[in-house]
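Please walk through this structure with the ligand as the starting point. Then turn to one pair of packed helices.

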Amino acid sequence: MAETIAFIGLGNMGSGMAANLAKAGYAVRAFDLSVDALARAKGDGCAVAASAAEAVSDADAVVTMLPAGKHVEAVYNGDVFGAAKPGALFMDCSTIDVVTARKVVEAATTQGFAMVDAPVSGGVAAASGGTLTFMVGGTDEAFARAEPILACMGKAVIHAGSAGAGQAAKICNNMLLGISMIGTCEAFALAEKLGLDPQVFFDISSKASGQCWSMTSYCPVPGPVPTAPSNRDYEGGFAAALMLKDLKLAMEAAAAANAATPLGTQAEALYQTFSNLGGAAKDFSGIIKLLDGSWRA
Ligand code: NAD
């Protein structure tokens, strides 16, 4: 067992994840640019470091949970590579572009470290509840070292392939989610205009061939799935801004791979419009209000 883990990036997701590592018995050395985030980490049983370099200096493993590729590159190139113990294991759980993920893993490997990209599925509640799903890219050896640590923060840890494969799986999954949510919203909006009761349409479609996760676990109309954000005026959950971020990453990767993604392109455009009209902070299922014409910022 790696005994000391540095955790960098204690935001909405990272704070709960670091707390779960501490709960599992690891000595967690936490760092974030935000003083409030550090205070919360201290309350959750983590030791607080004054810099990223200090956090990683005596750590067997490093977990990062940062906003985007530029932050990940800056933290690893600027602090982690120069200060980490030889042979330390790095796990970047942020959602970032595939190209940057591969570049950082390659730089780590060249300098004698082991590294995986390990983005997550599941939101803030899954991060604090320890029920995330990790999609991991990296060598078999790096995965074997990462798995028991990631397992303390999630319900599933899946080896997706070589470096960058975790990020590839994440953006393909979220592209599908964005498209299926828009499809589900369109169907409910049309059903209502055709005079169908939303609950009745749900009862039928959830048992017919239109059934999908966006409908049965996260229904965009209030009522049929009581835990869904649609019952809380689309507050909490997975912000439309984050869905837009992931769709942009997917479209960037599709362009680089010369892959045709017409529905992904359309989904990105619709989430961009929803965000421009003030929906960025709402749960992504709130896009139903854009589609049925009832959206007011
Ligand atoms: P967040 O903005 O709440 O947290 C990011 C944290 O990183 C902040 O506390 C910030 O201060 C810190 N940070 C930024 N630069 C830093 C640096 N140089 N050194 C130290 N700390 C630094 O974001 P989040 O919602 O926790 O998301 C983190 C990642 O997880 C993102 O890549 C996001 O796409 C992904 N993700 C988020 C969710 C979600 O529901 N929020 C779900 C799945 C994946």
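The paragraphs below take up confidence, the ligand shell and a helix pair.

This is a predicted model. The chain has a mean pLDDT of 97. Of its residues, 99% reach 70 or more. For the complex, the predictor gives an ipTM of 0.99 and a pTM of 0.95.

Start at the ligand. Around it lie 27 residues. G11, N12, M13, T95 and G123 come nearest. What is the character of the shell by residue class: how many nonpolar, polar and charged? Nonpolar residues number 16, polar residues nine and charged residues two.

Now ask where the shell comes from. Domain 1 (4-163) and domain 2 (168-291) each give at least three residues to the shell around the ligand. Among helices, α4 (69-83) and α11 (240-257) each supply at least two. The largest share, three residues, comes from α4.

Stay with α4 and look at its packing. Its partner here is helix α5, residues 98-110. The axes of α4 and α5 are 10 Å apart, and the angle between the helices is about 10 degrees. Angles under 35 degrees count as roughly parallel, so α4 is roughly parallel to α5.

Which residues make the contact? From α4 come G69, V72, E73, Y76 and F81. From α5 come T100, V104, A107 and A108. By class, this contact has six nonpolar residues, two polar and one charged.

Taken together, α4 has two roles in this account. It gives the ligand shell its largest share of residues, and it packs with α5 at about 10 degrees.

Note on methods
Residues numbered from 1 in each chain as written. Predicted model: local features only at pLDDT ≥ 70, side-chain atom pairs only at ≥ 80, totals over all residues. Near = placed C-beta within 6 Å. Helix = DSSP H or I, 4+ residues; strand = E, 2+ residues; numbered from the N terminus. Nonpolar A, V, L, I, M, F, W, Y, C, P; charged D, E, K, R; others polar. Domains from an automatic or database assignment. Axes fitted to C-alpha atoms, helices over the stretch in contact; angles between N-to-C directions. Parallel < 35°, antiparallel > 145°, perpendicular 65-115°, else oblique. Contact = placed C-beta atoms within 7 Å. pLDDT = per-residue confidence, 0-100.
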